[in-house]
Amino acid sequence: MNLSRRNMLAAAAVAPLVIGTACAQGTGSNAARFSLGYAPHEGSFASRGGLIEQIAFAADQGFTAWEDNEARNRPVEEQRRMAKALADRGMTMGVFVASMPKWSESRPRLGANDGAEREAFLADIRSAVEVAKRLNAKHATVVTGFMDPRVPVDIQTGRVIDVMRRAGDIVAPHGLTLVMEPLNTRRDHPGVYMQSIAQGYAVARGVNGPGVKILADVYHEQIQSGNLIPTLDTCWNEIGYIQFGDNPGRNEPGTGEINYANVVKWLRERRYSGVIGMEHGNSVKGRVGEDRLIAAYRAIDRA
């Protein structure tokens, strides 16, 4: 294509304006990919538009994964659109919740004498397999329910191991792994059964199968037990997925007390190549907060 001198001069005059406008609007692409699989979620970049637009923006900033706790509740067509958007961008799908607890009712109680809730839980797991296939997901979160004060803890543990073994047998043939999430009881989830990574390790070892591992949410573990890196190291063989969130506040790294640079360094030494879910909020609302979020992950990714 031949350009006249007039066209070349016009293009040169307009270019700085276009660049300046893109910078002012925050629409520039950051080509540097993160070295680890940090996974934002819907809401991490809310100012950029809907779900698909947020995925595209995250990819442009160098994120290589995505997670969506609510994915199984989305219409099937929306699940397919999300999967296509991730595939088109070369992004990995992280977790979705396979069986959502009834938080306000403190249910299910998987260790209770009545086995009805265990059977309902397994029905959720069966239906989650089809969701995982649509999303190209390899991991799905499960919460192992709430304590039943009428049943000895050791008996509840045995029943949880039994039901998780059955759940693992359902998903393993499909290449899906259920990751059990220990939750803190000190602040967010009083009454839950699984309260620490160490407890998750005991259940996972009891299950002893590829379909069941631990979701190590560093935010919850810091509140409940601390001693993060030694705990991760001890339980490593049963950890299948990682999530970040600083404490207090449950926002991006650098807003609380956790030394995430050291955690990232340790994960890199462990050659962890899986997804790291960004299961937290932004400390500042709007695009300023989104820029802070990206900067926070750039900072720890340099560890």
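**A buried histidine and two pockets**

His189 has a relative accessibility of 17%, so this residue counts as buried, the cut-off for that word being under 20%. Keep in mind as you look around that the model is a predicted one.

Where along the chain should you look for His189? Find strand E6 (177-180) and helix H6 (197-207); His189 sits in the loop that runs between them. Leaving aside residues up to four places away in sequence, His189 is in contact with Trp103, Leu183, Asn184 and His220.

One of those neighbours, Trp103, leads us on to the largest pocket. The space in this pocket comes to about 210 Å³. Its lining is made of 14 residues, and Trp103 is among the closest to the centre, along with Asn69, Val97, Glu181 and Glu279. What kinds of residues form the lining of the largest pocket? It is a mixture: 6 are nonpolar, 4 polar and 4 charged.

How can a program find such spaces at all? Rolling a probe the size of a water molecule over the atoms reveals where empty space remains.

Now turn to the second largest pocket, which holds about 170 Å³ of space. Which helix gives the most to its lining? That is helix H4, spanning residues 116-135, with 4 residues. The lining of this pocket includes Glu117, Ala120, Phe121 and Asp124, as well as Ser99, Met100, Pro101 and Lys102. Glu105, Arg107, Pro108 and Val143 also belong to the lining. Sorted by type, the residues around the second largest pocket are 6 nonpolar, 1 polar and 5 charged.

Key
Residues numbered from 1 in each chain as written. Predicted model: local features only at pLDDT ≥ 70, side-chain atom pairs only at ≥ 80, totals over all residues. Heavy atoms only, no water. Helix = DSSP H or I, 4+ residues; strand = E, 2+ residues; numbered from the N terminus. Buried < 20%, exposed > 50% of the residue type's maximum accessible area, 1.4 Å probe, protein only. Contact = heavy atoms within 4.5 Å. 1 Å grid on protein atoms, 1.4 Å probe; cavity = no way out; pocket = protein on both sides within 12 Å on 5 of 7 lines; lining within 4 Å. Points joined across faces, edges and corners; volume = space filled by probe spheres on them. Nonpolar A, V, L, I, M, F, W, Y, C, P; charged D, E, K, R; others polar.
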